[in-house]
Amino acid sequence: MHIPPKASIVVLTGAGISAESGLATFRDNGGLWADHDIRDVATPEGFHRNPDLVFDFYNMRRREAAKASPNAAHNALARLENAWDGPFLLITQNVDSLHEKAGSKNVLHMHGKLNSALCYECGSHQQWDGDLDDGEVCTSCARAALRPDIVWFGEMPYDMERIEEALGGAELFVSIGTSGTVYPAAGFVMEAAGNGARTVEVNLQATGNPLFEDCYEGPAATTVPAFVEALLAGR
Ligand code: APR
């Protein structure tokens with residue numbers, strides 16, 4: 001694939017990129033939403049209804065993510081960022097830190113992070129690596145008002161201004177391992193295409209979205225390194 005050597009690249013990743021690191025996706029067979037009700041564990045209402053259920057859910061995911069290692073797809077994106085001369089932004093819907101573990105720098109977690117706690121009184125975000133339970137005290141305002149720092153359904157994703165700006169200037173938009181069913185992320189390809197970007201999908205199976213000009217099907221740990229090599233070779 002040939003794009004201008006200093007072109008602006010925006011990459012969007014979803015749960016599929018972490019599947020081969022042993023982390024469940026959401027909507028595949030045996031995915032998280034098969035065993036957990038979104039309304040209970042991924043809405044503010046669910047949290048107020050039964051906070052312990054929510055803390056347990058994210059404590060489980062935080063422990064699993066802590067044990068997981070980046071795979072060849074995460075590593076390839078870190079390599080691309082490192083080798084690319086133009087602007088590069090990695091927007092992830094994932095709340096694990098496998099991109100950072102792989103060495104990626106310019107990463108935006110639009111749906112939050114597992115290893116962070118949010119104070120719903122003062123709004124501060126604080127590093128949190130162990131289990132988080134009801135009653136933990138905020139290090140900023142000293143109130144017992146911490147929740148998982150995850151953007152739940154009905155809440156506004158993080159860094160939307162930076163994301164819009166990057167999509168506005170993107171010359172290549174690459175979507176990896178996402179079903180493209182959750183907005184606003186699912187609408188990014190339309191924005192990027194509308195601004196003239198080349199659009200590429202890398203996924204186990206094509207989602208069928210006609211806005212993607214190219215699609216590379218297969219497991220991310222195989223397809224992403226090949227895509228990155230082709231991109232770097234084509235400069
Ligand atoms: N390699 C590449 N793609 C894969 C792999 C793999 N090994 N395994 C699964 N996939 C693909 C699936 O085919 C599917 O299209 O990854 C996608 C995962 O889709 P979802 O489970 O819907 O996850 P995602 O798109 O990240 O969900 C978006 O929804 O539940 C909310 O906030 C949550 O961030 C999440 C958002």
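This briefing describes the overall build of the protein and then a number of individual residues. The model is a predicted one, and its secondary structure amounts to nine helices and nine strands. The radius of gyration is 18 Å, which agrees with the value near 18 Å that a compact globule of 235 residues would have. Two sets of positions carry annotations from an unreviewed UniProt entry, namely a "binding site" at Cys 119, Cys 122, Cys 138 and Cys 141 and an "active site" at His 111.

**Overall build**

- Measured out along the principal axes, the C-alpha trace of the protein spans about 55 × 35 × 30 Å, and buried residues account for 49% of the 235 residues.
- Of the contacts between residues at least 6 apart in sequence, 65% join residues that are at least 24 apart.
- The accessible surface of the protein is about 10,700 Å², and carbon and sulfur atoms contribute 50% of that surface.
- The side chains include 17 positive and 32 negative ones, and the centres of these two sets are 4 Å apart.

**The annotated cysteines**

- The unreviewed UniProt entry lists Cys 119, Cys 122, Cys 138 and Cys 141 under "binding site"; although these positions are spread over 23 residues of sequence, they cluster in space, with a largest C-alpha distance of 8.6 Å.
- Cys 122 sits in the loop between β4 (112-119) and β5 (125-127), and it counts as partly exposed because its relative accessibility is 36%.
- When residues up to four places away in sequence are not counted, Cys 122 touches Cys 138, Ser 140, Cys 141 and Arg 143, so that two of the other listed cysteines, Cys 138 and Cys 141, are among its contacts.
- Cys 141 belongs to the loop between β5 and β6 (146-150), and, again not counting residues up to four places away in sequence, Cys 141 touches Cys 119, Glu 121 and Cys 122.

**The annotated histidine**

- His 111, the position that the unreviewed UniProt entry gives as "active site", is placed in the loop between β3 (107-109) and β4.
- His 111 has a relative accessibility of 15% and therefore counts as buried, the cut-off for that class being under 20%.
- Apart from neighbours within four places in sequence, His 111 is in contact with Thr 92, Gln 93 and Val 95, with Asp 149, Ile 150 and Val 151, and with Pro 157.

**Strand β8, helix α8 and the loop after β8**

- Thr 199 lies in strand β8 and is buried, with a relative accessible area of 1%.
- Leaving aside neighbours within four places in sequence, Thr 199 is in contact with Phe 173, Val 189, Ala 193, Leu 211, Phe 212, Glu 213 and Asp 214.
- Ala 193, one of these contacts of Thr 199, is part of helix α8 (residues 188-194) and is partly exposed, with a relative accessible area of 28%.
- Not counting residues up to four places away in sequence, Ala 193 touches Thr 199 and Leu 211, and Leu 211 is also in contact with Thr 199.
- Ala 193 and Glu 81 are separated by 112 residues in sequence and by 21 Å in space, C-alpha to C-alpha.
- Gln 205 is found in the loop between β8 (198-203) and β9 (214-217), where it counts as exposed because its relative accessibility is 52%.
- Between Gln 205 and Thr 13 there are 15 Å in space, C-alpha to C-alpha, for a separation of 192 residues in sequence.

**Backbone features**

- Tyr 183 and Pro 184 are joined by a cis peptide bond with an omega of about 10°, and Pro 184 lies in the loop between β7 (172-176) and α8.
- Ala 142 is not a glycine, yet it has a positive phi of about 60°; Ala 142 is located in the loop between β5 and β6 and counts as exposed at 59% relative accessibility.
- Asp 159 likewise has a positive phi, near 60°, in a residue other than glycine.
- Asp 159 is placed in the loop between β6 and α7 (160-169), and its relative accessible area of 37% makes it partly exposed.

How values were computed: Residues are numbered from 1 along each chain as its sequence is written. This is a predicted model: local features need pLDDT of at least 70, side-chain atom pairs count only at pLDDT 80 or more; totals for chains, interfaces and linings use all residues. Side-chain values use heavy atoms; hydrogens and water are left out. Helices (H or I, at least four residues) and strands (E, at least two) are DSSP runs, numbered from the N terminus. The radius of gyration is taken over C-alpha atoms; the globule rule is 2.2 Å times the number of residues to the power 0.38. Buried means under 20% relative accessible area, exposed over 50%, partly exposed in between (1.4 Å probe, protein chains only). Contact means heavy atoms within 4.5 Å. Accessible areas come from the Shrake-Rupley method with a 1.4 Å probe; for residues, only the protein chains shown count as cover. Lys and Arg count as positive and Asp and Glu as negative; His and the chain ends are not counted. The place of a charge is taken as NZ of Lys, CZ of Arg, CG of Asp or CD of Glu. UniProt positions are given in the numbering used here, feature names are shortened, and annotations may be inferred rather than shown by experiment.
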